[in-house]
Amino acid sequence: MEEPLCQIEITQESSGFKAKVQSNKGRYVEFENQDIENLMEMVYDDIQMEIEEDYW
């Protein structure tokens with residue numbers, strides 16, 4: 001069965017990039033970074049931690 005894990009919105013601002021992550025459990029977090037690769041790593045790490053908590 002397919003189930004969304006989260007919604008991610010990434011925007012570019014004058015100071016860099018911003019990611020908004022909303023999990024399917026209702027948790028909401030924002031990340032900001034000047035480098036898009038670092039921002040993506042932050043988002044990836046956050047989602048992976050949440051998935052691992054559910055799995056274990």
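User: Contact means heavy atoms within 4.5 Å. With that settled, which residues does Lys 18 touch, not counting residues up to four places away in sequence?

Analyst: Keep in mind that this is a predicted model. Lys 18 is found in strand E2. Leaving out residues up to four places away in sequence, Lys 18 touches Glu 9, Ile 10, Thr 11, Glu 13, Glu 30, Phe 31, Glu 32 and Leu 39.

User: Is Lys 18 buried or exposed?

Analyst: The cut-off for buried is under 20% relative accessible area. Lys 18 comes in at 15% relative accessibility, so this lysine counts as buried.

User: How does the sheet line up, and what is the order of its strands?

Analyst: The sheet is open, has 3 strands and pairs them antiparallel. Strand E1 (6-13) and E3 stand at the edges with a single partner strand each, so one side of each has no neighbour in the sheet. The twist from one strand to the next averages 15 degrees. Reading across, the order is E1-E2-E3.

User: How many bridges join E2 to E3?

Analyst: These two strands form a hairpin with 4 residues between them, and Gly 26 in the turn has a positive phi of about 100 degrees. Phe 17 has Asn 33 in E3 as its bridge partner, and Lys 20 stands opposite Glu 30 in E3. E2 and E3 run antiparallel, and the bridges joining them number 6.

User: Which residues is Glu 30 in contact with, leaving aside its neighbours within four places in sequence?

Analyst: Glu 30 has its place in strand E3 and is partly exposed, with a relative accessible area of 37%. For a sense of spacing, its C-alpha atom is 9.7 Å from that of Ile 10, a residue 20 places away along the chain. Setting aside neighbours within four places, the contacts of Glu 30 are Lys 18, Ala 19 and Lys 20.

User: What distance goes with the polar contact between the side chains of Glu 30 and Tyr 28?

Analyst: Glu 30 sits in strand E3. Its side chain is joined to that of Tyr 28 by a polar contact of 2.6 Å.

User: Which residues are joined into one network by salt bridges that share partners?

Analyst: By the rule used here there are 5 salt bridges. Lys 18 and Glu 30 meet in one at 3.5 Å, N to O; with Lys 18 in strand E2 and Glu 30 in strand E3, the pair ties together parts that are 12 residues apart in sequence. Lys 18 also forms a salt bridge with Glu 32, with the closest N and O atoms 4.0 Å apart, and this pair links E2 and E3 across 14 residues. Through shared partners, the network takes in Glu 13, Lys 18, Glu 30 and Glu 32.

User: Which salt-bridge partner does Arg 27 have in helix H1?

Analyst: Arg 27 is partly exposed at 32% relative accessible area, whereas its partner counts as buried at 11% relative accessibility. The side chains meet at 2.7 Å, N to O. Arg 27 lies in the loop between E2 and E3 and its partner in the helix, so the pair ties together parts 23 residues apart in sequence, and the partner is Glu 50.

User: Which residues make up the largest nonpolar core?

Analyst: In soluble globular proteins, nonpolar side chains tend to be buried together. The largest core here has 8 residues, and strand E2 (16-23), strand E3 (28-33) and helix H1 (36-55) each supply at least two of them. The members are Phe 17, Ala 19, Val 21, Val 29, Phe 31, Leu 39, Val 43 and Ile 47.

User: How far apart are the C-alpha atoms of Asp 46 and Val 21?

Analyst: Asp 46 is found in helix H1 and counts as buried at 12% relative accessibility. Beyond its neighbours within four places, Asp 46 is in contact with Val 21, Arg 27, Val 29 and Phe 31. Asp 46 and Val 21 are 25 residues apart along the chain, and their C-alpha atoms are separated by 9.0 Å.

User: And what is the relative accessible area of Ser 23?

Analyst: Ser 23 has its place in strand E2. Apart from neighbours within four places, Ser 23 is in contact with Leu 5, Cys 6 and Glu 50. Ser 23 is buried, with a relative accessible area of 7%.

Note on methods: Residues are numbered from 1 along each chain as its sequence is written. This is a predicted model: local features need pLDDT of at least 70, side-chain atom pairs count only at pLDDT 80 or more; totals for chains, interfaces and linings use all residues. Side-chain values use heavy atoms; hydrogens and water are left out. A nonpolar core is a set of buried Ala, Val, Leu, Ile, Met, Phe, Trp, Tyr and Cys residues joined through side-chain atoms within 4.5 Å. Buried means under 20% relative accessible area, exposed over 50%, partly exposed in between (1.4 Å probe, protein chains only). A polar contact is a pair of N or O atoms within 3.5 Å; within protein, one must be able to donate a hydrogen and the other to accept it, and residues adjacent in sequence count only if both atoms are side-chain atoms. Two strands pair if DSSP finds at least two bridges between them. Axes are lines fitted to C-alpha atoms, for helices over the stretch in contact, and angles run from 0 to 180 degrees between N-to-C directions.
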